[in-house]
Amino acid sequence: MELWFTEKQTERFGITAKIKRTLHTEQTPYQKLDMLETEEFGNMLTLDGMVMTTERDEFVYHEMVAHVPLFTHPNPRRVLVVGGGDGGVLREVVKHPEVEKVTLVEIDGKVIETSKKYLPSIASAFDHPKVEVIVGDGFMHIAESRDAYDVIMVDSTEPVGPAVKLFEKGFYEGISKALKEDGLFIAQTDNPWFKADLIRKVFRDVKEIFPITRLYTANIPTYPSGLWTFTLGSKKYDPLKVDAGRFRDVGTKYYTKDLHFAAFVLPKFVADLTK
């Protein structure tokens, strides 16, 4: 008998993967957590039936969350990651020597625990000396922070359940206050094929708060539609005006200096969402 996992991305469309076996399943206080061993993408973490990451394509998302803002900001000493319990963004952030401390705030400690066990190549930086891990509410952490961070990265799930409030304008206003006077942030903002209205709303909200607002994309095959967006809001530094001398090889598989700029070149139907 063949076993297949299917994520319904709309009521009429989904993505499916052949499963070797279920490695772990549980209902945490926040969500349904499953770790699946797939034929094509290695171990796959899902939350409430949505793919969060897989061993094969994880590097795309994690590199684009971390390196775009960290090469844009000239001195990112203090970094905050909201969510990101699989540890992939942490792994990329600590590659930057300017970063003195990175704080990860993940609401569900079971995600961290399970990722350490079944995704060791992703969850490899939790014990790094630069890393502080807080199991708690990222929304509240932001609300209680003032002038604290150079860069904030919102590595959230899709806007359902506990992540809904991470896509609201008030959250972005809180981020602005938590950032230093020249700070910037990025957030994953889903895909333009099925969530165009969300991207349009988030971009409009961020643009009302931050003088520099940009949208960029990446190709992630196990995410809905494969085309994923990220929204960047900056008080001072423009990701399109980064000096060439800022870039260095940090051991990536997707992100490059040229791709940094190319990712902001949007298909017309996506660019129209920012107008």
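Reader: How many aromatic pairs does a search of the whole structure find?

Author: It finds 14. Before we dig in: this is a predicted model, so local features need pLDDT of at least 70 and side-chain atom pairs count only at pLDDT 80 or more, while totals for chains, interfaces and linings use all residues. Residues are numbered from 1 along each chain as its sequence is written, and side-chain values use heavy atoms, with hydrogens and water left out.

Reader: Why is the aromatic pair of phenylalanine 139 and phenylalanine 171 called stacked?

Author: Rings of Phe, Tyr and Trp (its six-membered ring) pair if their centres lie within 6.5 Å; planes under 30 degrees apart make a pair stacked, over 60 edge-to-face, and the rest tilted. Here the centres are 5.7 Å apart and the planes meet at 20°, which fits the stacked class.

Reader: What makes this pair one that ties together separate parts?

Author: Phenylalanine 139 sits in helix H4 (residues 138-143) and phenylalanine 171 in helix H5 (residues 169-178), so the pair links parts 32 residues apart in sequence. As for what counts as a helix or strand, these are DSSP runs (H or I, at least four residues; E, at least two), numbered from the N terminus.

Reader: Why does phenylalanine 171 count as buried, and phenylalanine 139 as partly exposed?

Author: Check them against the cut-offs: buried is under 20% relative accessible area, exposed is over 50%, and partly exposed is in between (1.4 Å probe, protein chains only). Phenylalanine 171 has 1%, so it is buried, whereas phenylalanine 139 has 23% and lands in the partly exposed class.

Reader: And why is the pair of tryptophan 193 and phenylalanine 269 tilted?

Author: The planes stand at 45° with the centres 4.8 Å apart, so the pair is tilted. This pair also links distant parts of the chain, 76 residues apart: tryptophan 193 is in the loop between strand E10 (179-188) and helix H6 (196-209), and phenylalanine 269 is in helix H8 (residues 268-271). At 54%, tryptophan 193 counts as exposed; at 35%, phenylalanine 269 is partly exposed.

Reader: How do you know that arginine 56 lies over the face of phenylalanine 41?

Author: A charge sits over a ring if NZ of Lys or CZ of Arg is within 6 Å of the ring centre and within 35 degrees of the ring normal. Arginine 56 is listed as lying over the face of phenylalanine 41, and its distance from the ring centre is 5.3 Å.

Reader: What makes aspartate 205 buried?

Author: Its relative accessibility is 6%, so aspartate 205 counts as buried. This residue is in helix H6, and it touches Lys169 and Tyr172, leaving out residues up to four places away in sequence. Contact here means heavy atoms within 4.5 Å.

Reader: Why is the link between the side chains of aspartate 205 and lysine 201 called a polar contact?

Author: The term covers a pair of N or O atoms within 3.5 Å; within protein, one must be able to donate a hydrogen and the other to accept it, and residues adjacent in sequence count only if both atoms are side-chain atoms. The two side chains are joined at 2.9 Å. Similarly, a side-chain oxygen of aspartate 108 lies 3.1 Å from the backbone nitrogen of lysine 110, capping the N-terminal end of H3.

Reader: How do you know that strand E6 and E7 pair?

Author: Two strands pair if DSSP finds at least two bridges between them. E6 (residues 78-83) and E7 share five, in the parallel sense, and valine 82 has valine 105 in E7 as its bridge partner. The chain gets from E6 to E7 through helix H2 (residues 88-93), in a right-handed β-α-β crossover. Right-handed means that, with the strands pointing away from the viewer, the path from the first strand over the helix to the second runs clockwise.

Reader: What makes E6 largely enclosed by the rest of the structure?

Author: Five of its six residues are buried, so E6 is largely enclosed. E6 is also joined to E9 by five bridges, running parallel.

Reader: Why is methionine 35 called buried?

Author: Its relative accessible area is 0%, so methionine 35 is buried. It lies in strand E3, and its contacts beyond four places in sequence include Thr114, Tyr118 and Leu119. Thr114 and Tyr118 are among the buried residues of helix H3 (residues 109-118).
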